[in-house]
Each structure stands twice: as C-alpha cells, then as structure tokens.
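Trainee: I am new to this structure and would like a close look at a single part, the hairpin. Please explain how that part is put together, and then place it against the rest of the chain.

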Amino acid sequence: MLNIETTKNLYGANIIGDYEDLDKLYDSVSRYMSFYYENMKQFYS
C-alpha cells in the first residue's frame with residue numbers, strides 16, 4: 001500500500017511504500033506519459 005503525506009511546509013509530498021508498490025506506480029506513470037506523448041497531436045488538433 002502506498003501512503004502519500006504532505007511535507008511540513010506543504011512544498012512537496014512524501015510517497016512511502018514497499019518496492020513493489022513504488023515499481024507499479026512508476027510503471028503506471030511511465031505508460032501514461034508514453035501514451036500521452038505518442039498521441040499528443042490528436043489531443044491538441
């Protein structure tokens with residue numbers, strides 16, 4: 001399970017979890033960004 005906490009002065013966030021959870025988050029964001037950049041022309045035309 002991932003936990004996301006704001007920092008003391010609300011300038012950032014701490015993401016806490018085990019390796020598998022962080023790896024799944026990284027994979028999901030990477031796949032989304034790849035899809036977004038490959039199809040960006042379709043979104044903005």
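Mentor: Two strands count as paired if DSSP finds at least two bridges between them. In this predicted model, strand β1 covers residues 3-6 and strand β2 covers residues 13-16, and the two pair in the antiparallel sense over four bridges. Within that pairing, Ile4 has Ile15 of β2 standing opposite. In a regular strand the side chains alternate between the two faces of the sheet.

The two strands, β1 and β2, make a hairpin, with six residues between them. Two residues of that connection can be looked at one by one. Leu10 lies in the loop between β1 and β2. Its phi is positive, about 60°, although Leu10 is not a glycine. Leu10 counts as exposed because its relative accessibility is 65%, and the cut-off for exposed is over 50%. Tyr11 is in the loop between β1 and β2 as well. With a relative accessible area of 77%, Tyr11 is also exposed.

From the loop we can step out to the rest of the chain. The C-alpha atoms of Tyr11 and Tyr37 are separated by 28 Å, and these two residues are 26 apart along the chain. Another pair, Gly17 and Asn39, is 22 residues apart along the chain, with 31 Å between the C-alpha atoms.

Asn39 sits in the loop between α1 (19-38) and α2 (40-43). Asn39 counts as buried because its relative accessibility is 15%, where buried means under 20%. A polar atom of the Asn39 side chain lies 2.9 Å from the backbone oxygen of Phe35.

Helix α1 holds a charged pair. Side chains of opposite charge can pair when their charged atoms come close. Asp27 forms a salt bridge with Arg31, and the closest N and O atoms are 3.0 Å apart. Both Asp27 and Arg31 lie in α1, four residues apart, which is about one turn of the helix. A search of the whole structure finds one salt bridge. The two partners are not equally open: Asp27 counts as partly exposed at 34% relative accessibility, whereas Arg31 counts as exposed at 59%.

Last comes the question of confidence. The mean pLDDT of the protein is 90, and 98% of its residues reach 70 or more. Among the elements, β1 of the hairpin has the highest mean pLDDT, 94, and α2 has the lowest, 78. Where pLDDT is low, the predicted coordinates should not be read in detail.

To return to the part you asked about: the hairpin is an antiparallel pair of strands joined over four bridges, and Leu10 in its turn has a positive phi of about 60°.

Definitions and conventions. Residues are numbered from 1 along each chain as its sequence is written. This is a predicted model: local features need pLDDT of at least 70, side-chain atom pairs count only at pLDDT 80 or more; totals for chains, interfaces and linings use all residues. Side-chain values use heavy atoms; hydrogens and water are left out. Buried means under 20% relative accessible area, exposed over 50%, partly exposed in between (1.4 Å probe, protein chains only). pLDDT is the predictor's confidence in each residue, from 0 to 100. A polar contact is a pair of N or O atoms within 3.5 Å; within protein, one must be able to donate a hydrogen and the other to accept it, and residues adjacent in sequence count only if both atoms are side-chain atoms. A salt bridge is a side-chain nitrogen of Lys or Arg within 4 Å of a carboxyl oxygen of Asp or Glu.
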